[in-house]
Structure formats: C-alpha cells, structure tokens
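Visitor: Could you pick one part of this model and show it to me up close? I'd like to see how it connects to whatever surrounds it.

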Amino acid sequence: MALNLTPEHKMLLALATKAQENAHAPYSNFHVGAAILDENAQLHSSCNVENAAYPLGQCAEAGAISAMIASGSKHIKQILVASPNDDFCPPCGGCRQKIAEFADAETEVHLATQQGEIKTVKFTELLPLAFGFDK
C-alpha cells in the first residue's frame, strides 16, 4: 500500500510523523501524529498529549484541528493519522465527531502504519450517521 503515494500523502505523512515524535504519552506509550490539508492548501499537524488526569489529554487529530482553526481555516480536505505500530489507527469516536464538524462527504481520511502503508477512506465511511453532519 505504501507504493504510489500522492504528493499530498507524502506531505501529510512526513508532517504527521514529525509531530508524532513529540507526542507526550508517558501513560500509554502510544505516540500518534496527525496532519491536515485544509481548503486553502495549508498543512496543520499535532500529536497526542496525555495527562495524568485522564481524560484531560488530547488526541493528535483534535490538536491538528485546533491548529487549523487557529490559522483561520475551516475545512478539512484530507487528514492523515500516523500509527505508532504496524496497525492502522483510525480516529476514536470523539475525534470522528470533531472531524465531522469540519469535513464533508469528500473529505479523505488516510490511516498510516509505522511502515508507511496507507489506507484511505472517505470520512462518511468512518462515521456514516454523524451528529449534525448534513453537508
């Protein structure tokens, strides 16, 4: 699957992997990175940040969305989630709903393994009946 990566895949994967290196995950040791390509062709990334007062930590996807919003953008065209192992790491339920707030039916979600294998799905495949998703 890592073959035939588009330029967007490569940019998102590099950015998510770099963010992943900075993850603060002393409790789970599960370092995740995420990167977004927005409607203005800008890139945003983040990593997961755990907190001893669970569940006050933040997922990588939520951090990348916050970075996108802080930059003035409002729409996720593509989002990539980089797993710390050889399994695909889809967004948790809460992050799926957070993505839904800024996605549409064409938003692509890329799941990347540590080896660089990528699986791509449309957002609506991850959360087909998202609350408030009427776009």
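Guide: Quick vocabulary first: helices and strands here are runs assigned by DSSP, with at least four residues for a helix (H or I) and at least two for a strand (E), and they are numbered from the N terminus. Also keep in mind that this is a predicted model.

Let's zoom in on β1, which covers residues 33-38. This strand is mostly covered, with six of its six residues buried. In a regular strand, side chains take turns between the two faces of the sheet. You can follow that here: Gly33, Ala35 and Leu37 point one way, Ala34, Ile36 and Asp38 point the other way, and all are buried.

Now look at what sits beside the strand. Strands in a sheet pair through backbone hydrogen bonds, in either a parallel or an antiparallel fashion. On one side, β1 pairs with β2 (residues 43-47) in the antiparallel sense, over five bridges. The two strands make a hairpin with four residues between them, and in that turn Ala41 has a positive phi of about 60 degrees. β1 also runs antiparallel to β3, and six bridges join these two. Ala35 is a handy place to see both partners: Ser45 stands opposite this residue in β2, while Leu80 is its bridge partner in β3. At Asp38, the residue standing opposite in β3 is Ile76.

Asp38 has another link worth finding. Its side chain makes a polar contact of 2.6 Å with the side chain of His44, a residue of strand β2. The relative accessibility of His44 is 7%, and the limit for buried is under 20%, so His44 counts as buried. Skip the neighbours within four places in sequence, and the contacts of His44 include Ala34, Ala35, Ile36 and Asp38, plus Ala64, Ala67 and Met68.

Those last names take us to a helix. α2 spans residues 60-70 and lies across β1, β2 and β3, running at about 145 degrees to β2. Its buried residues are Ala60, Glu61, Ala62, Gly63, Ala64, Ile65 and Met68, and they pack against β1, β2, β3 and α3. After α2 comes Gly72, with a positive phi near 100 degrees.

What do this strand and helix help to build? The largest nonpolar core has 21 residues, and those touching the most other members are Ile36, Ile65, Ile76, Ile79, Ile99, Val109 and Phe123. At least two residues of this core come from each of β1, α2, β3, α3, β4 and α4. α2 gives the largest share, four residues. Another core, of 10 residues, lies apart from this one, and Leu5, Leu12, Leu13 and Ile118 are among its members.

Step back, and you'll see where our strand fits. The open sheet has five strands in the order β2-β1-β3-β4-β5, with mixed pairing. β2 and β5 (118-122) are at the edges with a single partner strand each, so each has one side without a neighbour in the sheet. From one strand to the next, the twist averages 15 degrees.

Let's finish across at β5, where Lys122 sits. The model has two salt bridges. In one of them, the side chains of Glu106 and Lys122 meet at 3.3 Å, N to O. Glu106 is in the loop between α3 and β4 while Lys122 is in strand β5, so this pair ties together parts 16 residues apart in sequence. Lys122 also meets Glu108 through their side chains, in a salt bridge of 4.0 Å, N to O. That pair links strand β5 with strand β4, where Glu108 sits, and the two residues are 14 apart. Shared partners join Glu106, Glu108 and Lys122 into one network of salt bridges.

How covered are these three residues? Glu106 is exposed, at 56% relative accessible area. Lys122 is partly exposed at 28%, and Glu108 is partly exposed at 26%. Compare that with β1, where six of six residues are buried.

How values were computed: Residues are numbered from 1 along each chain as its sequence is written. This is a predicted model: local features need pLDDT of at least 70, side-chain atom pairs count only at pLDDT 80 or more; totals for chains, interfaces and linings use all residues. Side-chain values use heavy atoms; hydrogens and water are left out. A nonpolar core is a set of buried Ala, Val, Leu, Ile, Met, Phe, Trp, Tyr and Cys residues joined through side-chain atoms within 4.5 Å. Buried means under 20% relative accessible area, exposed over 50%, partly exposed in between (1.4 Å probe, protein chains only). Two strands pair if DSSP finds at least two bridges between them. A polar contact is a pair of N or O atoms within 3.5 Å; within protein, one must be able to donate a hydrogen and the other to accept it, and residues adjacent in sequence count only if both atoms are side-chain atoms. Contact means heavy atoms within 4.5 Å. Axes are lines fitted to C-alpha atoms, for helices over the stretch in contact, and angles run from 0 to 180 degrees between N-to-C directions.
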